[in-house]
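Trainee: Got a minute? I'd like a quick tour of this one.

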Amino acid sequence: MKTIPTNTSLLNLICACLLVTALSSLNAAAQSAAFEDEQVIRKVADYILSKASFEFVGEQSNKVYATTAQIPANEEVKFSSKYGEWHYTNGVVNMAMLHLADFLGEKKYADFAARHVAFGFDNYKFFQKRFKHDRRHYYYPFGQLWTMQELDDCGAMGASVIEVYNHVRRKDYKEYIYNTARHITERQERLPDGTLVRKTPEAIRNSPHDMTLWADDLYMSVPFLARMGQLTGQAKYFDDAVQQVLNFDKYLWNEEKGLYYHCYYSESQENGVAHWGRSNGWVVLAQVHLLSYLPKDHPKRPDILKNLKKQVIGLSRYQDQHGLWHQLLDKPDSYPETSVSAMFVQGIAKGVNEGWIDKRYASVALTGWEGLKKQMIKADGQVDAICVGTGIKNDLPFYYNRPARPNEKHGVGSVIDAGIEVVKLKRLMQL
């Protein structure tokens, strides 16, 4: 049999062309997927914009007031939209909108955050003068702006005000920022080793112990401290933020399960019962925010990186078959919950994008995002199954039975941030 001669150069050229064609197809598919994800994020953000208003409405009359000057002396009012409230969840939404504006180059999202902050500072003194101390301060319009009793009142909102202040240099914004810094560093209750805790009538009502460490409070303090460190150039804020992460880990980490407890009681030196999803999500995000601002040469930066990696390994073990995480992380019979899923997707994707954690964890974030798109994010941008605000209780049914509602502020901001980081991750993986 005669051997048919081959043209090696021609074969190599054909193979190269096929490879280029295949890579071009993959690249086009990746670009299409990234564009689709951008559209999903836009829809979530635009739905918020469509529902947001910065006005007041009469409790009894239902009359809308555009300014406080229009409110009658005897009229009790409330916010016309939950997106006008002054609450830590609004801080999360504001920061997400600012991140989206930077990512897409679309000013309308930054304008939303700027309008929200200005709405608070332009109106709070009216309500401060009216306040009769006949209710908890957070049940009164802008009560948390001027009354700082807990980290919930000022930490996340303070972080968002810093981000707005970087663009809008109002004197009253600066005063608020420094007042927040004084509250967190000087006035907020701490354990003897400096760990931030709660000690107010409300905190005591929600738990049977004197001082309680809440995992949530790592987010209510560290993102602000990290930004304060950058704003002022003072190392003390970075050092405090680092110490909070390491101390919270000491009190709340369950080595066996690779998860954080929701709380720790100082009086009995015991943990609570729950590995609540969103509280673990707050811990992830606190570390991500810190690493984004912490100087590269900070002596304890490696400790934060090590801690984040440890948590990512742990939480990855509890992802369900749809890519989501549950209300109680170690209880698969609890419901899939959107805010924790978005927080974990955001944290892991950001960690891979920045090189903080190994790229092999990219699949965890990508699968989680697909789960959110298929299960939780509607075609019009509404977001399902976000757990409402949750205190601390010593029985698991309390956590099992917390309502999950659509478009809760506790989760929509994290969905936007998760989407941003996933798009960046997909682009990174194309390279």
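Mentor: We'll take the inner spaces, then the nonpolar cores, then the salt bridges. Keep in mind that this is a predicted model.

Trainee: Okay, spaces. How many cavities of 30 Å³ or more are there?

Mentor: The count comes to one. About 50 Å³ of space lies in that largest cavity.

Trainee: Which residues line the largest cavity?

Mentor: Val-92, Met-95, Tyr-219, Leu-285, His-289, Gln-346, Gly-413, Ser-414 and Asp-417. By type, four are nonpolar, four polar and one charged.

Trainee: Which helix gives the largest share of that lining?

Mentor: H15, with three residues. Helix H15 spans 409-430. Helix H2 (88-104) and helix H10 (277-293) also supply at least two residues each.

Trainee: Now pockets. How much space lies in the second largest pocket?

Mentor: About 490 Å³. Its lining has 22 residues. Nearest the centre of the pocket are His-99, Glu-163, Arg-227, Tyr-293 and Lys-350.

Trainee: What's the split of nonpolar, polar and charged in that pocket lining?

Mentor: Eight nonpolar, seven polar and seven charged.

Trainee: And which helices supply at least two residues there?

Mentor: H2, H10 and H15 come up again, each with at least two residues in the pocket lining. Helix H5 (151-165), helix H8 (222-232) and helix H12 (338-354) do that as well.

Trainee: Switching topic. How many residues are in the largest nonpolar core?

Mentor: It has 128 residues. Phe-142, Trp-369 and Ile-416 have the most contacts inside that core. H2 gives the largest share, 11 residues.

Trainee: What does Phe-142 touch, leaving aside its neighbours within four places in sequence?

Mentor: Several aromatic residues, for a start: Phe-56, Phe-79, Trp-86, Phe-119, Tyr-124 and Phe-127 are among its contacts. Gly-84, Gly-120 and Asn-123 are in contact with Phe-142 too.

Trainee: What about a second core, which residues does that include?

Mentor: There is a separate core of 10 residues, including Tyr-265, Ala-274, Leu-328 and Phe-398.

Trainee: Last topic, salt bridges. How many does the structure hold?

Mentor: 26. Take Arg-170 and Asp-172 as a starter: their closest N and O atoms are 2.7 Å apart.

Trainee: Is Arg-170 buried or exposed?

Mentor: Neither. Arg-170 is partly exposed, because its relative accessibility is 24% and buried means under 20%. Asp-172 is also at 24%, so that residue counts as partly exposed.

Trainee: Which partner does Glu-337 have?

Mentor: Arg-278, with the closest N and O atoms 3.8 Å apart. Glu-337 sits in the loop between helix H11 (301-316) and H12, while Arg-278 is in helix H10, so this pair ties together parts that are 59 residues apart in sequence. Both Glu-337 and Arg-278 are buried.

Trainee: And a salt bridge inside one helix, where would I look?

Mentor: Try helix H15, where Glu-421 and Lys-424 lie three residues apart, about one turn of the helix. Their side chains meet in a salt bridge at 3.8 Å, N to O. Glu-421 is buried, with a relative accessible area of 8%. Lys-424 is partly exposed at 36%.

Trainee: Which residues do shared salt bridges join into one network?

Mentor: Glu-36, Asp-37, Glu-370, Lys-373 and Lys-426.

Technical notes
Residues numbered from 1 in each chain as written. Predicted model: local features only at pLDDT ≥ 70, side-chain atom pairs only at ≥ 80, totals over all residues. Heavy atoms only, no water. 1 Å grid on protein atoms, 1.4 Å probe; cavity = no way out; pocket = protein on both sides within 12 Å on 5 of 7 lines; lining within 4 Å. Points joined across faces, edges and corners; volume = space filled by probe spheres on them. Helix = DSSP H or I, 4+ residues; strand = E, 2+ residues; numbered from the N terminus. Nonpolar A, V, L, I, M, F, W, Y, C, P; charged D, E, K, R; others polar. Core = buried A, V, L, I, M, F, W, Y, C linked by side-chain atoms within 4.5 Å. Buried < 20%, exposed > 50% of the residue type's maximum accessible area, 1.4 Å probe, protein only. Contact = heavy atoms within 4.5 Å. Salt bridge = Lys/Arg side-chain N within 4 Å of Asp/Glu carboxyl O.
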